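Reader: Hey, I've got a structure open and I'm a bit lost. Can we go through it together?
Author: Sure, put it up and ask away.

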Amino acid sequence: MRIYLLVAILGLMIVEALLLPRSLRDFRAMQKMRRETAPTQGLPLSVGPFAGYDANGRPLALVTDDTRWIVPLVIHSAQLSSDVEYLGRLRKALPSPAITFVGVCDNSRCGDGQKSEVPLLVYGSYAPLQDIVRLDGQGQVLLLNQFWGVRKSLHRTSSMENLAAEIQQVTGQ
Amino acid sequence: MKWIKNLEFWCLVLLFVNLATAAADFYFRRTTLALVPLPPGQSLAGPPGITLAGRPPATAACHLVRYASINCGYCAPKYSRPWDDLEQKLTQKGCDSIIVSPFSGDFPLAGNKTPEFRLAGVSTEFMRSTSFSSTPITLLVDHDWRIVWSHIGVVEQSDSQQALQASQTLAP
């Protein structure tokens, strides 16, 4: 009886000796994959050059000679009308032509027939869209200069007035 | 008798340790597999965007999507021969070739004369569903925008073979 148990213990120890390095290797592989697939942290230096198009594929003139600041805001399809209204009120609160507001649709149907005083971008350059959407997911809005350089990230609060005040404070407009 | 009890106890402990290690390994493997980007079967939001003509690419039986840039050394024609061959073979089979670049105007130099759809802009849905983070990335997608084959990095001859093999599963 004793010999069988000794053999069983030895067998189990061998199994464990085989399993443990394998588990460690798989754990390291998992950690590596987690690091590699984690979204890029922090603020980008620039989100340009950036091309934007409306729902019909027409290019949007996002920057004019007067533009000094650009504020891209994501329009969420789940709250389409309230986001478009938010953007419209922001435009009214900061009417200076030095600030360009752009609505960035998260759905290709959102700009279709939607009335807005602000250009609604449905298609855009891949990498800039990625940064804008990633930061929107963290409740942030990018404030860019006219060359698409990132000046600051602002908090997208539910109160439009707070965001307008923040933009005003940084831009002085 | 006490010896036997002791041995039985250690057997039991080791059995539990074995089971715990095996379970941990199973968890690590599953998690790693779930983190693999762009696995076959994943659905993309298509059509991906619009071409310079302002229209989405025409519908095709399958799509070969390449995320590449002129600023990426490994996207240059000298590293792209297998890609060019793959593009030519798959377009002959009825697929279209769609080139996506990070900043829309930074398309890589074309190595051959195969017709390509170069996207001037992508939809946010497509961007979200792909989450490309490096160049070059190559995807073979079926008519319904489901990934059939994907490759991150330079397409080598063996990758091209794999893609052609995978393309045989596509419906005609």
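Reader: Okay, in which sense do strand β2 and strand β6 of chain A pair, and over how many bridges?
Author: One thing up front: this is a predicted model. In chain A, β2 (residues 69-75) and β6 (residues 140-145) pair in the antiparallel sense, over 2 bridges. On that pairing, Trp69(A) stands opposite Asn145(A) of β6(A).

Reader: And what actually holds paired strands together?
Author: Strands of a sheet pair through backbone hydrogen bonds, and the pairing can be parallel or antiparallel.

Reader: What order do the strands of that open sheet in chain A come in?
Author: The order is β4-β3-β2-β6-β7, so to speak from one side to the other, with 5 strands and mixed pairing. The edges are β4 (120-121) and β7 (150-155) of chain A; each has a single partner strand, so one side of each is left without a neighbour in the sheet.

Reader: How many bridges are there between β6(A) and β7(A)?
Author: 5 bridges, and that pair is antiparallel. Val141(A), for instance, stands opposite Leu154(A) in β7(A).

Reader: What's in the turn between them?
Author: β6(A) and β7(A) make a hairpin with 4 residues between the strands, and Trp148(A) in the turn has a positive phi of about 65°.

Reader: Switching to chain B: which strands make a hairpin there?
Author: β5(B) and β6(B) do, with 4 residues between the strands, and Trp145(B) takes a positive phi near 65°. The strands cover residues 137-142 and 147-152 of chain B, run antiparallel and are joined by 5 bridges. Ile137(B) stands opposite Ile152(B) in β6(B).

Reader: Zooming out, how many helices and strands does chain A have?
Author: Chain A has 4 helices and 7 strands. From the N terminus, they run α-β-β-α-β-β-β-α-β-β-α.

Reader: And chain B?
Author: Chain B has 4 helices and 6 strands. Its pattern along the sequence is α-β-β-α-β-β-α-β-β-α.

Reader: What's the radius of gyration of chain A, and what would a compact globule have?
Author: Chain A has 26 Å, whereas a compact globule of 173 residues would have a value near 16 Å. Along the principal axes, the C-alpha atoms of chain A fill a box of roughly 90 × 35 × 30 Å.

Reader: What about the radius of gyration of chain B?
Author: That one is 23 Å, against a value near 16 Å for a compact globule of 172 residues. The C-alpha trace of chain B spans about 85 × 35 × 30 Å along its principal axes.

Reader: How much of chain A is buried?
Author: Buried residues make up 47% of its 173 residues. For chain B, the share is 47% of 172 residues.

Reader: How much surface does chain A expose?
Author: About 9,200 Å², with carbon and sulfur atoms supplying 56% of it. The accessible surface of chain B comes to about 8,900 Å², and 60% of that belongs to carbon and sulfur atoms.

Reader: How many positive and negative side chains are there in chain A?
Author: Chain A has 18 positive and 15 negative ones, and the centres of the two sets lie 9 Å apart. In chain B there are 14 positive and 13 negative side chains, with centres 5 Å apart.

Reader: Now a single residue. Is Thr51(B) buried or exposed?
Author: Thr51(B) has a relative accessible area of 10%, and buried means under 20%, so Thr51(B) is buried. Thr51(B) lies in strand β1 (residues 49-51) of chain B.

Reader: What is Thr51(B) in contact with?
Author: Leaving aside neighbours within four places in sequence, Thr51(B) is in contact with Pro57(B), Phe117(B), Arg118(B), Leu119(B) and Ala120(B).

Reader: Last one: where is Ala68(B)?
Author: Ala68(B) is in the loop between β2 (62-67) and α2 (81-92) of chain B. Ala68(B) counts as buried, at 0% relative accessibility. Not counting residues up to four places away in sequence, Ala68(B) touches several residues, including Cys75(B), Val100(B) and Thr135(B). Ala68(B) and Thr138(B) are 70 residues apart in sequence, and their C-alpha atoms are 8.6 Å apart in space.

Conventions
Residues are numbered from 1 along each chain as its sequence is written. Chains are lettered from A and ligands numbered from 1 in the order in which they are written. This is a predicted model: local features need pLDDT of at least 70, side-chain atom pairs count only at pLDDT 80 or more; totals for chains, interfaces and linings use all residues. Side-chain values use heavy atoms; hydrogens and water are left out. Two strands pair if DSSP finds at least two bridges between them. The radius of gyration is taken over C-alpha atoms; the globule rule is 2.2 Å times the number of residues to the power 0.38. Buried means under 20% relative accessible area, exposed over 50%, partly exposed in between (1.4 Å probe, protein chains only). Accessible areas come from the Shrake-Rupley method with a 1.4 Å probe; for residues, only the protein chains shown count as cover. Lys and Arg count as positive and Asp and Glu as negative; His and the chain ends are not counted. The place of a charge is taken as NZ of Lys, CZ of Arg, CG of Asp or CD of Glu. Contact means heavy atoms within 4.5 Å.
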